[in-house]
Every structure is written in C-alpha cells, then in structure tokens.
Amino acid sequence: MGIVNIEEELHEQLRRASRASCRSINGQAAFWIRLGMLCELHPGLTFQELVARELKAAGVDSPDLTAA
C-alpha cells in the first residue's frame, strides 16, 4: 500500500463525497480511481454502463427495470 499526495481541495471533495456515498475517504478515492481508469480504458461506455459491469462482476443481481 502506498501514499498518494493530492491537493487539499481534492481531499476536501473526497471527504464530502465519502459522506454522501457512505464510504470511507480511502474507499471513495479508490472508487474514483478505479472508475477513472475504466473510463480511460473503455471510452465508448457510459459511467452507468461501467458501474453496471462492475456490479455484475461482483455478483450483484440487478432487477430488470424495463419489464412492466
């Protein structure tokens, strides 16, 4: 595990986002880093598509919201 040196303003944004997301500050940073990396690797996919893929890979079931 390493130490990442970031600007104070970005760290404050991490604090705020972590509270809203019910994540630790480190968990929020890891989420942003991972999604940012995935966005660069898959520029044709939307944020929602990337998150859905990650949830599916983790074994999270998603209800079909298109079925009426």
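**Exercise 1. How many residues does helix 2 have, and how far does helix 2 reach from its first C-alpha to its last?**

Some ground rules before the solution. This is a predicted model, where local features need pLDDT of at least 70 and side-chain atom pairs count only at pLDDT 80 or more, while totals for chains, interfaces and linings use all residues. Residues are numbered from 1 along each chain as its sequence is written, and side-chain values use heavy atoms, with hydrogens and water left out.

- Step 1: Helix 2 covers residues 25-41, which gives 17 residues. Helices here are DSSP runs of H or I with at least four residues, and strands are runs of E with at least two, numbered from the N terminus.
- Step 2: The expected span is 1.5 Å times one less than the number of residues.
- Step 3: Helix 2 reaches 24 Å, close to the expected 24 Å.

**Exercise 2. Work out the overall layout of the protein chain.**

- Step 1: Count the elements: there are three helices and zero strands, in the order α-α-α from the N terminus on.
- Step 2: Check the radius of gyration, taken over C-alpha atoms; the globule rule is 2.2 Å times the number of residues to the power 0.38. A compact globule of 68 residues would come out near 11 Å, but this chain has 15 Å.
- Step 3: Look at the principal axes, along which the C-alpha trace spans about 45 × 25 × 20 Å.
- Step 4: Add the burial: 12% of the 68 residues are buried. Buried means under 20% relative accessible area, exposed over 50%, and partly exposed in between, using a 1.4 Å probe and protein chains only.

**Exercise 3. Find which residues of helix 2 are buried, and what covers them.**

- Step 1: Pick out the buried residues: Gln-28, Ala-29, Leu-35 and Leu-38.
- Step 2: Look for the cover, which includes helix 1 (8-21) and helix 3 (47-57).
- Step 3: Take Ser-18, which is found in helix 1. Ser-18 counts as buried because its relative accessible area is 6%.
- Step 4: List the contacts of Ser-18, leaving aside neighbours within four places in sequence: Arg-23, Ser-24, Ile-25 and Gln-28. Contact means heavy atoms within 4.5 Å.

**Exercise 4. Is Cys-22 buried or exposed, and what is notable about its phi?**

- Step 1: Place Cys-22 in the loop between helix 1 and helix 2.
- Step 2: Cys-22 counts as exposed because its relative accessibility is 75%.
- Step 3: Phi of Cys-22 is near 60°, a positive value in a residue other than glycine. Most residues other than glycine have a negative phi.

**Exercise 5. Set Asn-5 and Ile-6 side by side.**

- Step 1: Asn-5 is found in the segment before helix 1, and so is Ile-6.
- Step 2: Asn-5 counts as exposed at 78% relative accessibility, whereas Ile-6 is partly exposed at 31%.
- Step 3: Asn-5 and Arg-34 are 29 residues apart along the chain, with their C-alpha atoms separated by 17 Å. For Ile-6 and Phe-31, 25 residues apart along the chain, the C-alpha separation is 15 Å.
- Step 4: Beyond its neighbours within four places in sequence, Ile-6 is in contact with His-11 and Leu-14.
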